[in-house]
Amino acid sequence: MRAFLSPERPSHSNSSLCAAALMLLLFLPAGLEAQARTGATSTKLGKVQQLIDSGAYNQALQAIDAVIAKDKKSGEAQLMRSTVLFLSGENESGELALREALRLSPGLRQGWLTLGGLEMANEKYSAAREAFEQARKLDPQASDNFLNLGVAQLLDGKVPEADKLFNQYIGMSESQGEAHYLISTNYAMAGYKSRSIDHLERAVMRDERLRLNARTDGNFADLAEDPRYQSLLLADVYRLPKGHYQAAHSFETSYEVQEGKLLGAVVDALRRMKLN
C-alpha cells in the first residue's frame, strides 16, 4: 500500500464531476429491478424506456404519467418518471419523484444510486454516502459499491478513505486496466493530478489501448500541460507478461509494390512463420 506524504488539493471545483456522476447513474441499466416487471406494467414501462432512449422526453413523461395514474403504488414507474424529469432539466420535480419511488419501493437499488449521484451534485456528500450504503446493502457483491463510495469520499476531500475504496474496487474488477482508468478520470476531474496520472500509468501498463483513449479523453483536459501526462501519452511503458511467445523468421520473398504482390508476400510469410 502506498504512503501519502500530503494530500493534494483540487485545482478546480467539483461541479462538473458531480454532474457527470449523476448523468452516469441515470443511464446505468436497471438490472435486477427490470426483472421485477410483470404483465401490462412491464410492457408499458418498456415502451416508455424506448421513448427515453430516443430522446422523446415529453412523450415519455406523458406515457409514464398514464402508467402511474393506473398504478399509483409502482415505485419503478416513479423511478422512471424521475429519470425523465432529470433528463428534461426539471431537477426539483425529478428529486420529488425519486424520493417517492424509494418510499414506495425501497428495494430499488438503481434509485439509491441515482439519489447518491443527486446528493453529490448538491454537494451533500454525507447524504450521498448514506444512499450508496443503501445500494450496497441491496447488492453487497457489486463492485460499483466501492467506486461510488470512493467518489463520494473523494469529493468530500477524504482522499485516504477514497484511495482505500478505489483499491477495493480494483480488486473486484474483471479488468484492472479499465478500473485504473476509470479511477484516473475521477481523480483528474476532481483536480488530483498526481494520483490521476499514477492510476493512468497502471491502466496503460495493463492495456496499451487505454493510452489511445487517454489522448482524446476530455476528462483529462486539466492534465494537458503536465509533463508526466505528456510523457505518458508519448512513451511506451508496456511490458510483455512472463511466459509470452516471440516469433521471428527471415524470408526471401520480394516485396514488390505491384498490385497483389505485397499482400501475397505477407500472407506467405505468416504461413511459414515459426515460433522460437
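Modeller: Let's start with the word we'll use most: a residue is buried under 20% relative accessible area, exposed over 50%, and partly exposed in between (1.4 Å probe, protein chains only). This is a predicted model, so local features need pLDDT of at least 70 and side-chain atom pairs pLDDT 80 or more, while totals for chains, interfaces and linings use all residues. Residues are numbered from 1 along each chain as its sequence is written, and side-chain values use heavy atoms, with hydrogens and water left out.

Biologist: Fine. Why is A101 called buried?

Modeller: A101 has a relative accessible area of 1%, and the cut-off is under 20%, so the label fits. A101 sits in helix α6; helices here are DSSP runs of H or I, at least four residues long, and strands are E runs of at least two, numbered from the N terminus.

Biologist: And what is A101 in contact with, leaving aside its neighbours within four places in sequence?

Modeller: G75, Q78, L79 and L108, where contact means heavy atoms within 4.5 Å. The C-alpha of A101 is also 6.5 Å from that of E76, although the two are 25 residues apart along the chain.

Biologist: How many helices and strands are there in the protein chain?

Modeller: 15 helices and 0 strands. Of its 276 residues, 40% are buried.

Biologist: What makes up the largest nonpolar core?

Modeller: 34 residues, with L98, L115, M120, F132, L154, F166 and I183 having the most contacts inside it. Such a core is a set of buried Ala, Val, Leu, Ile, Met, Phe, Trp, Tyr and Cys residues joined through side-chain atoms within 4.5 Å. Helices α5, α6, α7, α8, α9, α10 and α11 each bring at least two residues to this core, and α9 gives the most, with 7. Apart from it there's another core of 14 residues, including L61, V67, A77 and L87.

Biologist: How do you know that α9 is mostly covered?

Modeller: 11 of its 12 residues are buried, among them F146, L147, L149 and L154. The helix spans 17 Å from first C-alpha to last, close to the 16 Å expected; that expected span is 1.5 Å times one less than the number of residues. Just after α9, G157 has a positive phi of about 80 degrees.

Biologist: What is the phi of E123 near, in a residue other than glycine?

Modeller: 60 degrees, again a positive value. E123 lies in the loop between α7 and α8. With a relative accessible area of 52%, it is exposed.

Biologist: On to the rings. Why is the F166 and Y187 pair called edge-to-face?

Modeller: Rings of Phe, Tyr and Trp (its six-membered ring) pair if their centres lie within 6.5 Å; planes under 30 degrees apart are stacked, over 60 edge-to-face, and the rest tilted. F166 and Y187 are 5.4 Å centre to centre with 85 degrees between the planes, which earns them the name. F166 is in α10 and Y187 in α11, so the pair ties together parts 21 residues apart in sequence.

Biologist: And what makes Y187 and Y192 a pair?

Modeller: Their ring centres are 6.3 Å apart and their planes at 75 degrees, so this pair is edge-to-face too. Y187 is buried at 0% relative accessibility, and Y192 at 1%. Together, F166, Y187 and Y192 form one aromatic cluster.

Biologist: Now charges. How do you know that R81 and D65 form a salt bridge?

Modeller: The rule wants a side-chain nitrogen of Lys or Arg within 4 Å of a carboxyl oxygen of Asp or Glu. The closest N and O atoms of R81 and D65 are 2.6 Å apart, so they pass. R81 is in α5 and D65 in α4, so the pair ties together parts 16 residues apart in sequence. R81 is partly exposed at 23%, and D65 at 31%.

Biologist: What does the salt bridge between R109 and D144 look like, N to O?

Modeller: It comes in at 2.6 Å. The pair links distant parts of the chain, with R109 in α7 and D144 in α9, 35 residues apart. R109 is buried, at 13%.

Biologist: Why are R136 and E133 separated by about one helical turn?

Modeller: Because they're 3 residues apart in helix α8. Their side chains meet at 2.8 Å, N to O. R136 is partly exposed at 24%, as is E133 at 29%. Elsewhere, shared partners join E95, R99 and E119 into one salt-bridge network.
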